[in-house]
Amino acid sequence: MENINLSDEELVGELWHWLIEDNLIKNSGEYDGRTGWNFCSGLLQQNYGIKMSPETIKHKFYSFFKELTGFDIYSKCPTCKNGEIVPRESRYGYFVSCSKFPNCDFKGPKKSRG
Ligand SMILES: [Zn+2]
């Protein structure tokens with residue numbers, strides 16, 4: 001299969017669908033498990049002919065949200081100091097909020113990229 005180039009945003013879009021919408025990863029803590037990232041690695045190769053290690057995929061996913069919002073995924077929530085920063089998607093794009101939502105209303109700023 002020929003290689004198809006994906007921008008980081010397109011890559012995260014695909015990861016998002018595989019990880020979140022297909023429920024490969026049920027809850028926040030499991031992002032650090034290897035199963036989902038291994039699965040994504042296989043899907044990338046299968047669908048796009050792209051060889052990328054699970055570690056690289058995870059790094060790109062985390063970096064994307066860090067660059068976009070200034071926050072590390074799964075770091076402590078600065079507002080309630082109890083929940084974790086989790087990635088979210090809305091019709092307006094990607095952002096981060098607190099895993100304790102709606103009890104905590106923290107929402108990371110969405111920075112424009114580039
Ligand atoms: Zn919080």
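How many bridges join strand 1 to strand 2? In this predicted model, six bridges link strand 1 (residues 85-90) with strand 2 (residues 93-98). The two strands run antiparallel. A hairpin of two residues connects strand 1 to strand 2. Two pairings place residues along this ladder. Pro 87 lies opposite Val 96 of strand 2. Ile 85 has Cys 98, in strand 2, as its bridge partner.

The strands form one part of the fold. The protein has three helices and two strands. Along the sequence the pattern reads α-α-α-β-β. Of the 114 residues in the protein, 21% are buried. Contacts also reach along the chain. Among those between residues at least 6 apart in sequence, 39% join residues at least 24 apart.

Helix 2 (35-48) comes next. Its 14 residues should span 20 Å at 1.5 Å a residue, and the end C-alpha atoms are indeed 20 Å apart, so the length agrees with expectation. The buried residues of helix 2 are Gly 36, Trp 37, Cys 40, Ser 41 and Leu 44. Viewed down the axis of helix 2, these buried residues fall within an arc of 145° and therefore line one face of the helix. The other side of helix 2 carries Thr 35, Gly 42 and Gln 46, which are exposed. Gly 49 follows helix 2 and has a positive phi, near 70°.

Helix 3 (residues 54-69) contains 16 residues. Helix 3 reaches 23 Å from its first C-alpha to its last, close to the 22 Å expected at 1.5 Å a residue. Which residues of helix 3 are buried? They are Ile 57, Phe 61, Phe 64, Phe 65, Leu 68 and Thr 69. Because these residues cover an arc of only 100° around the axis, they sit on the same side of helix 3. Glu 55 and Glu 67 are exposed on the face of helix 3 turned away from the buried side. Just after helix 3 comes Gly 70, with a positive phi of about 85°.

Helices and strands meet in a shared core. In soluble globular proteins, nonpolar side chains tend to be buried together. Here the largest nonpolar core has 18 residues. Leu 15, Cys 40 and Ile 85 have the most contacts inside this core. Helix 1 (8-21), helix 2, helix 3 and strand 2 each supply at least two of its residues. Helix 3 gives the most, with five residues.

Cys 40 ties several of these elements together in the description. Cys 40 is among the buried residues of helix 2. Leaving aside residues up to four places away in sequence, Cys 40 touches Leu 15, Trp 18, Leu 19 and Ile 57. Of these partners, Ile 57 is one of the buried residues of helix 3. Leu 15, like Cys 40, is listed with the residues having the most contacts inside the core. Ile 85 completes that list, and Ile 85 is also the residue bridged to Cys 98 in strand 2.

Conventions. Residues numbered from 1 in each chain as written. Predicted model: local features only at pLDDT ≥ 70, side-chain atom pairs only at ≥ 80, totals over all residues. Helix = DSSP H or I, 4+ residues; strand = E, 2+ residues; numbered from the N terminus. Expected span 1.5 Å × (residues − 1). Buried ≥ 20, exposed ≤ 12 C-beta atoms within 10 Å, placed from the backbone. Arc of directions from axis to C-beta. Pairing = 2+ DSSP bridges. Core = buried A, V, L, I, M, F, W, Y, C linked by C-beta atoms within 7 Å. Contact = placed C-beta atoms within 7 Å.
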